[in-house]
2 protein chains.
Amino acid sequence: MNHALVGVGKNINIVVEEMPDISVPGFLVNTTSAGIKVPDRKDMAVIYSDKPAVVAGVFTQNQIQAAPVKLTKHRVKSGVAQAILINSGNANACTGRQGEKDAQEMAYLLAKGLEIPEQLVLVCSTGVIGQPLPMGKIKTGIKTLISDLHTTGWEEAAQAIMTTDTFPKLVYKKGEIDGVPFSLLGIAKGAGMIMPNMATMLAFFITDLAISPAILQPLFKKIIAQTFNRILVDGDTSTNDTALILANGYAQNSVLHSVHPIFKECLFEVATELAKLIVKDGEGASKFISIKVVGAKSVKDAEKVASTIAGSLLVKTALYGGDPNWGRIMAAIGRSGINIKPEKIDIFFGEICLVKNGLGKNQKMEKEVKKYLKNKELLLTINLNSGGESVMWYTCDLTPEYIKINAQYRT
Amino acid sequence: MNHALVGVGKNINIVVEEMPDISVPGFLVNTTSAGIKVPDRKDMAVIYSDKPAVVAGVFTQNQIQAAPVKLTKHRVKSGVAQAILINSGNANACTGRQGEKDAQEMAYLLAKGLEIPEQLVLVCSTGVIGQPLPMGKIKTGIKTLISDLHTTGWEEAAQAIMTTDTFPKLVYKKGEIDGVPFSLLGIAKGAGMIMPNMATMLAFFITDLAISPAILQPLFKKIIAQTFNRILVDGDTSTNDTALILANGYAQNSVLHSVHPIFKECLFEVATELAKLIVKDGEGASKFISIKVVGAKSVKDAEKVASTIAGSLLVKTALYGGDPNWGRIMAAIGRSGINIKPEKIDIFFGEICLVKNGLGKNQKMEKEVKKYLKNKELLLTINLNSGGESVMWYTCDLTPEYIKINAQYRT
């Protein structure tokens, strides 16, 4: 598979591949600076398929849902969509009736301009909660977006959806199913409020494959659960999280009516890489941490242990400080809510086993782990030695920079 | 009731009352610097009743439990105890068989020195996890402790049990039941790892009342649940949390066989004030935050909302930054796991209503809230307008100092 990945991390090195002007057949894109929160910053994007596409979506499980989430969630149920309109800088959440009207009007104006049915337009917003959308700016923005659609410009779209993200996130892969080539492109934004149920996260996938809506929705939901719902920055979830996929059938493959392993793998890989990029760009993050829990009785048990460790402020600050404080990991496992046998637990930092049968190894080992902890990318492996299930979670450390960003986000 | 409160906050002002040399009849105390973690710092204390006392205890719910917790938990079941031996600097947790032997030996040596039955000695440790106790130093410390017991010196005991605490926590009250005067004295330590199920928290209460063990244990458990289990600093719980109360009957009241309202109120007040002191000394805390949830369908619902807000990093950093970011509070309510009606929610900052029926008020109000947020002590009130139950939780803001402390705790 060909592969392209965008992202320039300030703190954590990210492999950046030079991208040719990538595109996915039948899909067009455009971005603009509408000045929603600040001037001269890309803050609107449109993704457009030149024919109606099969759509699937996964949404925040927060009970406080933004107006665009409600609208888009409802429209995705039809299984068909043609355009996604996205703005950053304002979440249009906790904005009451007016917010709902605004979301509807955005969709209506885009539909009118593109001359497509209103019901085929989806809307996503991200940014500050509780402030009315500046509809004047949004209207002008929509006009600009419509005036100049291109087959390329996806990196700009990845940029336009950013809030406190420090780099755009784009992953692109090509594959072949039964001799028919296809492309899958994904863009995402994250930063704070990242935790299961997707937080302030937006992700958009487009592919030219022909896929039956009956299989796309359950597959997409499953893949999101295994990728975007296994990352954690700060434990807060948001009102706007949305992941959408459009499949327009331009590849002219015979429509997929069952889950094809190649497509499944491709979608899993693109989603995993985007999810990892979100963590690497976690607010203030200086280290990228993979948490592997093995030997669990069930996947659910493994999830609980991994998420508790990933969410522990004490573990995250210890890793920031380069301190092999395994006691904090043990304490997190102990409060994860599953039945554990402390005397069976092994903990590895990278390849180094620091805890065997629940007991710490010698000081010499700690010194080695300390050296290991100077790396920017870390792997913690917890073996519960109680079964055969495992999961992989991704998180980042907690730094003074996180607090600085979030103490100043609005003010 | 007379009342004394110790505590000198660096960041948050705390009322400090000059204390006479307080004491509780029949109780003796001593402290020493055994050099467990660092030299020349009080790190051991003994609390001794000169006759066997009724005892009750509440312990961590973390499944990884330190050796002293296991020992003390077991011994408290008898309902009688006479001495508590405490050390800071080392938690004796995740130390395996040797740790259990060490805890037992500590108790044995104290019992021998005091010439009391071994079963009447309880042991508590707090500090770093996973390192063996320096038993040589501990033994010398025990000898010193025994050599010079006093009726006064409780503030020194509050000091000796500290880890990253910045001030000792002591609350003392006097009361009268049916004409018989009594005293209640409590000391506690907290700092990090504070959250329900008591975290790295130690608390010790002594009273000269005569109380039946049958009523003391359930009452103590209930009071702890309403005080120490309603505070949250960072969401981590520890392996060593212990709260103990000794009642030695010196007051010569007729033994309490049912919950007496005066004693209940006195215990609740002392526990509440100690819990609040723990939050005020939360690692790096610069603001003390009370979270009042009212209008809930059930106490459980109210607890879920209060604890989710108290645990939200985004809320805590916003308050640190003085940002009236009510959207983050709404998002926290939305993910708290209870059924909510967003359009019914009101949010108050102090006396100022900033959110009415789920919608933000005007910019002028935000300015007033910004002024209010400059205070060191803040009250957030959330009215769910869905029922008649309410709770009060206490938490602190999250600051760069928290991260500094926890990135460097061991190293």
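This report describes a predicted model of two chains, from its confidence and symmetry to its sheets and annotated residues.

Residues are numbered from 1 along each chain as its sequence is written, and chains are lettered from A and ligands numbered from 1 in the order in which they are written. Because the model is predicted, local features need pLDDT of at least 70 and side-chain atom pairs count only at pLDDT 80 or more, while totals for chains, interfaces and linings use all residues; side-chain values use heavy atoms, with hydrogens and water left out.

## Confidence

The predictor's confidence in each residue, pLDDT, runs from 0 to 100; chain A averages 89, and 91% of its residues score at least 70. Two stretches of chain A stay under 50: residues 7-14, for which the model has 23 contacts (heavy atoms within 4.5 Å) beyond four places in sequence, and residues 193-199, for which it has 49 such contacts. Where pLDDT is low, the predicted coordinates should not be read in detail.

## Relation of the two chains

With copies superposed by least squares on the C-alpha atoms of residues with pLDDT of at least 70 in both, a rotation of 180 degrees with 0.0 Å of shift along its axis brings chain A onto chain B at an RMSD of 0.0 Å. The two copies are therefore related as by a two-fold rotation axis. In chain A, the C-alpha nearest that axis belongs to A:Pro400, 2.3 Å from it. The same surface serves both copies, since 100% of the contact residues of chain A recur in chain B.

## The open sheet of chain B

Helices (H or I, at least four residues) and strands (E, at least two) are DSSP runs numbered from the N terminus, and two strands pair if DSSP finds at least two bridges between them. On these terms, chain B holds an open sheet of seven strands in the order 9-16-11-15-12-13-14, with mixed pairing. Its edges are strand 9 (231-232) and strand 14 (359-360), each of which pairs on one side only. Strand 9 and strand 16 (residues 389-396) of chain B pair in the parallel sense over two bridges, and B:Leu232 has B:Thr395 of strand 16 as its bridge partner.

Two helices pack on this sheet, and their directions are given by lines fitted to C-alpha atoms, for helices over the stretch in contact, with angles from 0 to 180 degrees between N-to-C directions. Helix 7 (residues 299-311) of chain B touches strands 9, 11, 15 and 16 of chain B, and makes about 20 degrees with strand 16. Helix 9 (residues 326-334) of chain B touches strands 12, 13, 14 and 15 of chain B, and makes about 130 degrees with strand 12.

## Strand 8 of chain B

Buried means under 20% relative accessible area, exposed over 50%, and partly exposed in between (1.4 Å probe, protein chains only). Six of the six residues of strand 8 (residues 202-207) of chain B are buried, so this strand is largely enclosed by the rest of the structure. In a regular strand the side chains alternate between the two faces of the sheet; here B:Leu202, B:Phe204 and B:Ile206 point one way, whereas B:Ala203, B:Phe205 and B:Thr207 point the other way. Strand 7 (residues 180-189) of chain B runs antiparallel to strand 8 and is joined to it by six bridges, with B:Gly186 partnered by B:Phe205. Strand 10 (residues 242-247) of chain B pairs with strand 8 in the parallel sense, also over six bridges, and B:Thr207 stands opposite B:Ala247.

## Annotated residues of chain A

UniProt positions are given in the numbering used here, feature names are shortened, and annotations may be inferred rather than shown by experiment. The unreviewed entry places "active site" on A:Thr200, and its "binding site" annotation covers A:Thr163, A:Lys189, A:Thr200, A:Glu283, A:Asn406 and A:Thr411. Three of these residues are tabulated.

| Residue | Location in chain A | Relative accessible area |
|---|---|---|
| A:Thr200 | loop between strand 7 (180-189) and strand 8 (202-207) | 12%, buried |
| A:Glu283 | loop between helix 6 (261-280) and strand 11 (288-296) | 6%, buried |
| A:Asn406 | helix 11 (residues 400-408) | 2%, buried |

Not counting residues up to four places away in sequence, A:Asn406 touches A:Glu283 as well as B:Leu314, B:Thr317, B:Ala318 and B:Arg328.

## A backbone exception

Most residues other than glycine have a negative phi. A:Asp40, although not a glycine, has a positive phi of about 55 degrees; A:Asp40 lies in the loop between strand 2 (27-32) and strand 3 (44-59) of chain A and, at 76% relative accessibility, counts as exposed.
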